[in-house]
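This briefing looks at how one protein chain is divided and how two of its parts meet. Please keep the sequence and the model in view while reading.

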Amino acid sequence: MIEYRSIRVGLLGAGSVGSQVARLLLEHSDELAQRIGARIELVGIAVRDVDAKRDAELPRELLTTDADALILGSDIVIELMGGIEPARTLVLQAIASGADVVTGNKALLANHGPELFAAAEQVGAQLSYEAAVAGAIPIIRPLRDSLAGDRVDRILGIVNGTTNFILDRMDQTGASLEDALASATELGYAEADPTADIGGYDAAQKAAILASLAFHTSVPVEAVHREGITGVSAEQVDSARRAGYVVKLLAICERLTDAETGEEGVSARVYPALVPRSHPLAAVHGANNAVFVEASAAGPLMFYGAGAGGVQTASAVLGDLVAIARRHVIGGPGTAESTHAALPVLEIGRITTRYAITLEVADEPGVLEQIAHTFADHGVSVEQLQQTVSEGSERATLVIGTHEAKESALAETVAALAQSPVVASVASVLRVEGAV
């Protein structure tokens, strides 16, 4: 029997993901040792309450409330606590002690990534975070390693399972947002307080991480334009379906060159958008996630799978752990993050996109002419227009699709339409993304 050296692993947090990581480490220790060339020894699990109920049965002797002592006795620290503090302090402490770190903490990385990566690079430690974006889907390593020699131009991602479930339920059944959210909560896809999901905050954190990695540029989360799905109505989803689209909450990371200034920069944004049903992202159902990458040489690539779940996300954590443990066997410093491109992050008004605008207007002569003048005044071209008049009504519904234009011009057009005397209301405004 082969005798393996031991690599000591400390785990911070034993929630839905942490408990599954611990279980898999204990159950698959022999198999992991064969892959790594060293034995993974789980030396402890730091928790707030050793008596709390957990998703997996864990040896009580491994549980501790002393995270500081656990870190000092570990070669690799896995942080799955979530939140900013005390996670940030403990991760910095682990790095300073000489340990490598695996984390799935998107909020921590989106808000303090540069600080953590700088600390790791200074001491030659590895900080890995595959589980921080899209759960079980391998997207961090492909962007960091496989596409490192390519030029990533654009990322379209469905990176929040709760909102995808809600929008998919609305599309499939005609349910309202409130009813679809209730179903998501009942099935365990939504938290008791769903604000982080339906408000787009979770997706914005992931967009910041993806943009930073894809464009070798530090993109802080506060620079990500964010809109949630709280304003999406059943009527909008139904109208999208009839027009051949589906509504998805997208995280969009894009490399841009300003046509007027020639300045190159990046955009990171999150908002509900119309996606053509011919696009691969339109077929992402339920609580699944998918990330669609457009690279200069590799072309379009799509990564699809479970975006959450304890055991599924544990797979991504263990992948990072195995890679780091192999480095312990062969030696050498950790891989540093690349942010040397240092491109500016452009505000939302400088992107180019398309709008689908639904207006309630007076059903009388001259209305279309006035609306056409409004578009022309702001340099926005109309691609298509559909008019519906209900019998006996004095109002008509106009659904107007625009050609591509700068976001600032489109937003100004909508503002002008809202003030027009012939427009009763601007019923809906959605961007169109992913044309294929």
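Into which domains is the protein divided? The bounds, which come from an automatic or database domain assignment, give domain 1 (7-136 + 311-330), domain 2 (140-306) and domain 3 (351-432). The model is predicted, with local features needing pLDDT of at least 70, side-chain atom pairs counting only at pLDDT 80 or more, and totals for chains, interfaces and linings using all residues. Residues are numbered from 1 along each chain as its sequence is written, and side-chain values use heavy atoms, with hydrogens and water left out.

**Domain 1 and domain 2**
- The C-alpha centres of domain 1 and domain 2 lie 27 Å apart, and their contact (heavy atoms within 4.5 Å) takes 18 residues from domain 1 and 17 residues from domain 2.
- Between them the two domains bury about 1400 Å², 60% of it on carbon and sulfur atoms, where buried area is the accessible area (1.4 Å probe) lost on putting two parts together, summed over both.

**Salt bridges and contributing elements**
- Two salt bridges cross this interface, a salt bridge being a side-chain nitrogen of Lys or Arg within 4 Å of a carboxyl oxygen of Asp or Glu.
- Asp 320 forms a salt bridge with Arg 141, their closest N and O atoms being 2.4 Å apart.
- On the side of domain 1 that touches domain 2, α5 (106-123) and α12 (310-330) are the elements giving two or more residues, helices being DSSP runs of H or I with at least four residues and strands runs of E with at least two, numbered from the N terminus; α5 gives the most, with six residues.

**A hairpin**
- Strands β11 (residues 288-295) and β12 (residues 299-306) pair in the antiparallel sense over eight bridges, pairing requiring that DSSP finds at least two bridges between the strands.
- Three residues lie between β11 and β12 in this hairpin, and Ala 295 has Gly 299 as its bridge partner in β12.
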